[in-house]
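Please open the structure in your viewer and keep a selection tool at hand. The tour below goes from stop to stop, saying what to select and what is there.

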Amino acid sequence: MSITVRHVTKWYGQQKALDDVSFTVGKGQVTGFLGPNGAGKSTMMKIITGFLPPSSGEVRVHGLEVRSHLVEVRKMIGYLPEHNPLYPEMYVREYLHYVAGIYGLGRRSRQRVEEIMGLTGLGPEQHKQIGSLSKGYRQRVGLAQALIHDPEVLILDEPTSGLDPNQIVEIRELIKKLGEQKTVLLSTHIMQEVEAICDRVIIIHRGRIIADETERSLLTLQQEHTSYTIEAEFVGEVPATLLQDLPHILSVEETGPSAFTLHCGEDIREEIFRLAVEKGLTLRGLALAARNLEDVFRELTGQNEPSA
């Protein structure tokens, strides 16, 4: 079971939201779909699920073109949208039985509802009205409705939004487990979430795909084209201006008493050590900060931080 996106472009009036986007996501893979606000993530997910038509190009799910096989495709997909639409007046168990009925589960409904409530941790809240639930539990209800018909493809837009730290760990583990057997495409603004559960990362910026790699490959790919971050700490008072005069310095941030984060065009730890010797300074610590996915995201998109 796979998702195939071919040369998809989407216009909203005079604004181009997606610009010739192409990618394929296969079974047994959790793919993180990242990008700043307005990059086109939610638009792409709505096109894959058939809620929006593309202006040009096509999307296929398990070989079926979405627009011409909409009913069949939607049976294969579980979709949790960014703004989770629920019926607040319905009770949790009642709502899940209602969704199971829509998917025609028939006699399997009761057993499936019990399984899904167990998977998503909704058992203690099953007799409550959805409108009375916390945001985290409403998000769990949304995830449960996406899973109720055991779809082969999951499209999850911010699946852990509103969950507390313990709930986030539980849902991440669930998604990771589901990804072993299903095709999972998820959008998130939490880089630790991508690092924890995603096998692959697609980054979209201004409607175009700018990176499509495994997380490890993406970090390696950017290593030669990025700045270095060095943490330096001295004993005694050291002015930041002393470090700003070093070669290849891009910026110096004072993070504590005589502690600095240096962003550099080259690895200049040896130069910092020599400076300390020349000036009679004592170094308490000197280390090259480990790169992570957030660093790569910020460099590729020019954003201070990733967003939904």
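**A walk through the model**

Begin by selecting Glu170, which is partly exposed with a relative accessible area of 46%; here buried means under 20% relative accessible area, exposed over 50% and partly exposed in between, with a 1.4 Å probe and protein chains only. The model is a predicted one, in which local features need pLDDT of at least 70 and side-chain atom pairs count only at pLDDT 80 or more, while totals for chains, interfaces and linings use all residues. Residues are numbered from 1 along each chain as its sequence is written, and side-chain values use heavy atoms, with hydrogens and water left out.

Now add Arg140 to the selection, since its side chain meets that of Glu170 in a salt bridge (3.1 Å, N to O); a salt bridge is a side-chain nitrogen of Lys or Arg within 4 Å of a carboxyl oxygen of Asp or Glu. Glu170 lies in helix H6 and Arg140 in helix H5, so the pair ties together parts that are 30 residues apart in sequence. Helices (H or I, at least four residues) and strands (E, at least two) are DSSP runs, numbered from the N terminus. Arg140, at 4% relative accessibility, counts as buried.

Next, select Lys182 and Asp150, which form a salt bridge whose closest N and O atoms are 2.8 Å apart. Lys182 lies in the loop between H6 and strand S8 (183-187), and Asp150 in the loop between H5 and strand S7 (153-157), so this pair ties together parts that are 32 residues apart in sequence. Lys182 is buried, with a relative accessible area of 8%, whereas Asp150 counts as partly exposed at 41%. Extend the selection to Arg112 and Glu115, and you have a network of salt bridges that links these two residues with Asp150 and Lys182.

From Arg112, widen the view to helix H4 (residues 109-120), which has 12 residues and reaches 16 Å from its first C-alpha to its last, close to the 16 Å expected at 1.5 Å a residue; that expected span is 1.5 Å times one less than the number of residues. Which residues of H4 are buried? They are Ser109, Arg112, Val113, Ile116, Met117 and Thr120. Seen down the axis of H4, the buried residues fall within an arc of 135°, so they line one face of the helix; the arc is that of the directions from the helix axis to the C-beta atoms. These buried residues pack against helix H3 (92-102), helix H5 (135-147) and helix H6 (165-178), where contact means heavy atoms within 4.5 Å. Turn to the face away from the buried side, and you will find the exposed residues Arg110, Gln111 and Gly118. H4 is followed by Gly121, whose phi is positive, near 70°.

Then look at two further residues that have a positive phi although neither is a glycine: Arg206, at about 55°, and Ser258, at about 60°. Arg206 is found in the loop between strand S9 (200-205) and strand S10 (208-213), and is exposed, with a relative accessible area of 69%. Ser258 lies in the loop between strand S12 (249-256) and strand S13 (259-264), and counts as buried at 9% relative accessibility.

As a last stop, select Arg208 and Asp19, whose side chains meet in a salt bridge (3.0 Å, N to O). The pair links distant parts of the chain, with Arg208 in strand S10 and Asp19 in strand S2 (residues 15-25), 189 residues apart.
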